[in-house]
Amino acid sequence: MSRLYLLRHAKAGWALPGMRDFDRPLDASGRADAEIVGTAMRSRGYVPDLTLCSNARRARETLEGLAGQTDTGKVLFFDTLYSEDAAGYLRLIREHGGPGSLLVIGHNPMMEDLAMAVSGDGEETARAMLNHGFPTSGLAVVRFLDALKNAAQEAGYLEAFLTPADL
């Protein structure tokens, strides 16, 4: 069995004049939410063996907030997690996934699209929450019977969907 944790970056501020979207930092509520999610992950035993993180500033700062509260395993950064679609995310997961657990810190709409695509079934409340959208700092926990290198559409079970508002 393996687990995939899909975390949308925390809330970021608006880009200042001349600032690229890629360089937008977290705002104060985003920093607090990242820490809340990190604490919730630790208390639930959601500890990834490996983290794949977008190189966008708001994703890296989300990782920092998490890492102050829980173990994030080995971390690899990818510019492509900023620009790829859900299929590109799945390719990276298959490339780096093994029998353990993997955390992906990325962006919407890719996170929502991927969570919906790989969750063939799931816990009723988690599925209902995910169907209402994937907010900033949202965390989808998807369980697979096989290693993540074999992750496929509808092969996972959505066991939880956490948002800071619910923690």
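## Packing of H4 against H5

In this predicted model, helix H4 (residues 86-96) packs against helix H5 (residues 110-118) at an angle of about 70°, and their axes lie 8 Å apart. Angles of 65 to 115 degrees count as roughly perpendicular, and H4 and H5 are therefore roughly perpendicular to each other. The crossing of H4 past H5 is right-handed.

On the H4 side, the contact is made by Ala-86, Tyr-89, Leu-90 and Ile-93; in H5, the residues met are Met-110, Met-111, Asp-113, Leu-114 and Val-118. By residue class, the contact of H4 with H5 comprises eight nonpolar residues and one charged residue, with no polar ones.

## The seven-stranded sheet

An open sheet is formed by seven strands, arranged in the order S3-S2-S4-S1-S6-S7-S5, with mixed pairing. The edges are occupied by strand S3 (74-78) and strand S5 (119-122); each has a single partner strand, so one side of each is left without a neighbour in the sheet. On average, and with direction ignored, neighbouring strands of this sheet are turned by 25° against each other.

## Pairing of the edge strand S5

Strands of a sheet pair through backbone hydrogen bonds, in either a parallel or an antiparallel manner. The pairing of S5 with strand S7 (residues 156-162) is in the parallel sense and extends over three bridges. Asp-121 stands opposite Tyr-157 in S7.

## Helix H2 across the sheet

Helix H2 (residues 57-67) lies across four strands: strand S1 (2-8), strand S2 (50-54), S3 and strand S4 (101-106). Relative to S2, H2 runs at about 145°. One of the strands that H2 lies across, S3, is also an edge strand of the sheet.

Terms used
Residues are numbered from 1 along each chain as its sequence is written. This is a predicted model: local features need pLDDT of at least 70, side-chain atom pairs count only at pLDDT 80 or more; totals for chains, interfaces and linings use all residues. Side-chain values use heavy atoms; hydrogens and water are left out. Axes are lines fitted to C-alpha atoms, for helices over the stretch in contact, and angles run from 0 to 180 degrees between N-to-C directions. Helices (H or I, at least four residues) and strands (E, at least two) are DSSP runs, numbered from the N terminus. Angles under 35 degrees count as roughly parallel, over 145 as roughly antiparallel, 65 to 115 as roughly perpendicular and the rest as oblique. A crossing is left-handed if the near helix is turned anticlockwise from the far one by less than a right angle, and right-handed if clockwise. Contact means heavy atoms within 4.5 Å. Ala, Val, Leu, Ile, Met, Phe, Trp, Tyr, Cys and Pro count as nonpolar, Asp, Glu, Lys and Arg as charged, and the others, Gly among them, as polar. Two strands pair if DSSP finds at least two bridges between them.
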